[in-house]
Amino acid sequence: MKVVVISGGTSGMGKGVGELFKKKGWVVVPFGKNPKDGEEMVDVTNEAQVENFFNNVKEKYGKIDVLINSAGYGISGAAELSDFNETKNLFDVNYFGALKCIQCALPLMKSGAKIINISSCCAIFPMPFRIHYCASKAALSMLSYGLKMELSDAKIQVAVINPGDVKTNFINSRIKNFNTNERYQDRVKNAQALVEKNNSKRMSQEYASKKIFKIVNKKKLKAMYIIGRKYKVFNFLIKLFPINVFLKVSNKIFGGKKSIKQQQS
Ligand SMILES: NC(=O)c1ccc[n+]([C@@H]2O[C@H](COP(=O)([O-])OP(=O)(O)OC[C@H]3O[C@@H](n4cnc5c(N)ncnc54)[C@H](OP(=O)(O)O)[C@@H]3O)[C@@H](O)[C@H]2O)c1
């Protein structure tokens, strides 16, 4: 019996990858904040709920073979004008939520077990008016790299997966802040409009979930994976140019300097 625990297993990629594991005969234990199909109800920001959930997993199954941290959401808006508590909550879910699950899961993991953190390409590529999300995912990626080193003697593998843009409920659950001032004027609104305009070009959830499933089943995990050809190319390019050049390009494309009407023409 193989056991996979999935945070954010109630929707999107977490749910999709869980279904693929189920087909392979694994015991899948998905959870999320708003379960719809009999998953467990656990808010990763609620420490007692997380601890209780993992205690139940211990009692029922006695072990965890794979933990996938997929719970997360996005926030957009100008960093200067963001709500402090809203930003802290983002880190509570995207970073501390994953950390809490890892801390609770590790005592149930033995040699051969795997921890998979679903981060984002935003962890690699800084984007204006989305920077808190980028920062929360960069923190998660760094945690993954640290754990990979710390757990290597225990033979517990750790990998971070950075999907590009995927068509999931992520698009609707993202908190969009349009607050602006004379410094940014229309740029916040324009940057958001560009994201909305590109929604139709996103990868399908099924495609991304299959890729994640394939990665998790690899014998030897690399430290980091990217899902999406476009972002693999960006990752190659970012290594060739100094960060100043990359920031200029990112600001030009995503910084909302052009109105959406100009971009369409
Ligand atoms: N979609 C993209 O373009 C994209 C790109 C890169 C990275 N990602 C990352 O991929 C992961 C999965 O996202 P997705 O695209 O599959 O979006 P999704 O369909 O919105 O799934 C997000 C999942 O996170 C869960 N979640 C959110 N807050 C939670 C909390 N406080 N406690 C427990 N669970 C919580 C949700 O649970 P409920 O539905 O039950 O509330 C849901 O299951 C996220 O970490 C996201 O940041 C997404």
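Helices here are DSSP runs of H or I spanning at least four residues, numbered from the N terminus. In this predicted model, helix 2 covers residues 47–61 and holds Val57, a convenient place to start looking around.

Val57 has 22 other C-beta atoms within 10 Å, and because 20 or more are enough for a residue to count as buried, Val57 is classed as buried. Setting aside residues up to four places away in sequence, Val57 touches Val5, Val29, Ile64 and Leu108. A rather different relation holds with Gly77: 20 residues separate Val57 and Gly77 in sequence, and their C-alpha atoms are 38 Å apart in space.

One of the partners of Val57, Val5, leads on to the nonpolar interior. The largest nonpolar core comprises 54 residues, and Val5 and Leu67 are those with the most contacts inside it. Helix 3 is the element that gives the most to this core, contributing 7 residues. Beyond its neighbours within four places in sequence, Val5 is in contact with Val29, Val57, Ile64, Leu67 and Ala105. A second core, separate from this one, has 5 residues, among them Ala78, Tyr184, Val188 and Ala191.

Attention now turns to the ligand. There are 30 residues around the ligand, of which Gly8, Gly12, Gly32, Gly72 and Thr168 come nearest. Two or more residues of this shell come from each of helix 1 (12–23), helix 3 (84–105) and helix 5 (170–173), with helix 1 giving the most, 3 residues. By residue class, the shell around the ligand contains 16 polar, 11 nonpolar and 3 charged residues. Helix 3 thus appears both in the ligand shell and in the largest nonpolar core.

Notes. Residues numbered from 1 in each chain as written. Predicted model: local features only at pLDDT ≥ 70, side-chain atom pairs only at ≥ 80, totals over all residues. Near = placed C-beta within 6 Å. Nonpolar A, V, L, I, M, F, W, Y, C, P; charged D, E, K, R; others polar. Core = buried A, V, L, I, M, F, W, Y, C linked by C-beta atoms within 7 Å. Buried ≥ 20, exposed ≤ 12 C-beta atoms within 10 Å, placed from the backbone. Contact = placed C-beta atoms within 7 Å.
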